[in-house]
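Visitor: Take me in close on one part of this and then work outward, please. I'd like one connected story rather than a list.

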Amino acid sequence: MEEDIIGGKHSVLEALRSGRTINKIWIAEQAQKQLTQPIIAEAKQNGIIVQFADKRKLDQMAGGVQHQGVVAQVAAYAYVEVDDILAQAAERGNSRSS
């Protein structure tokens, strides 16, 4: 499965709270504890590994994205075709006749 990298405190926290599949989170060793604490707590609650790393490693991983000292490796979104969604709806009896 492909993976994406997202960066930034708010983006990572939102991904955690939305239930997106997160494989691992890296936090800069120099990051302010009060800003990263909610992410660490949420990750721990969801059984997600949090690793502390040097900011330069996060810079490399994020590839130019403003990460604010927080980077997460997330599973790529699974894209589906509209026809597949309509077929699933029809199977569940949710189809609308035109």
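Guide: Start at K55, which is partly exposed, with a relative accessible area of 40%. On that scale, buried means under 20%, exposed means over 50%, and partly exposed is whatever falls in between (1.4 Å probe, protein chains only). Keep in mind that this is a predicted model, where local features need pLDDT of at least 70 and side-chain atom pairs count only at pLDDT 80 or more, while totals for chains, interfaces and linings use all residues. Residues are numbered from 1 along each chain as its sequence is written, and side-chain values use heavy atoms, with hydrogens and water left out.

K55's partner is D59: the two form a salt bridge, with the closest N and O atoms 3.2 Å apart. By salt bridge I mean a side-chain nitrogen of Lys or Arg within 4 Å of a carboxyl oxygen of Asp or Glu. D59 is partly exposed too, at 33%. Both residues sit in helix α3, four residues apart, about one turn of the helix. Helices here are DSSP runs of H or I with at least four residues, strands are runs of E with at least two, and both are numbered from the N terminus.

D59 also turns up in the story of K9, a residue of helix α1 (residues 9–18). K9 is buried without any salt bridge, and D59, its nearest side chain of opposite charge, is 12 Å away. For that charge count, Lys and Arg are positive and Asp and Glu negative; His and the chain ends are left out. What K9 does touch is L35, I39, H67, Q68 and V70, ignoring residues up to four places away in sequence; contact means heavy atoms within 4.5 Å.

Back to the salt bridges: the structure holds four of them. One is D4 with R20, at 3.6 Å between the closest N and O atoms. D4 lies in strand β1 and R20 in the loop between α1 and β2, so this pair ties together parts 16 residues apart in sequence. D4 is partly exposed at 30%, whereas R20 is buried at 16%. Another is R17 with E42, also listed at 3.6 Å, N to O. That one links R17 in helix α1 to E42 in helix α2, 25 residues along the chain. R17 counts as exposed at 53%, while E42 counts as buried at 19%.

Now the sheet. Four strands make it up, open, in the order β1-β4-β2-β3, with mixed pairing; strands pair if DSSP finds at least two bridges between them. β1 (3–7) and β3 (49–53) are the edges, each pairing on one side only. From one strand to the next, the twist averages 20°. β1 runs antiparallel to β4 (residues 70–75), joined by five bridges, and G7 stands opposite V71 in β4.

Helix α2 (residues 33–45) packs on the sheet, touching β2 (22–28), β3 and β4, at about 150° to β2. Our starting helix α3 (residues 55–62) packs there as well, touching β1, β2, β3 and β4, at about 135° to β2. These angles run from 0 to 180 degrees between N-to-C directions, with axes fitted to C-alpha atoms, for helices over the stretch in contact.

Last, the largest nonpolar core, with 22 residues; V12, L16, I22, I25, I27, I39 and A72 touch the most other members. A core is a set of buried Ala, Val, Leu, Ile, Met, Phe, Trp, Tyr and Cys residues joined through side-chain atoms within 4.5 Å. α1, β2, α2, α3 and β4 each supply at least two residues, and β2 gives the largest share, five.
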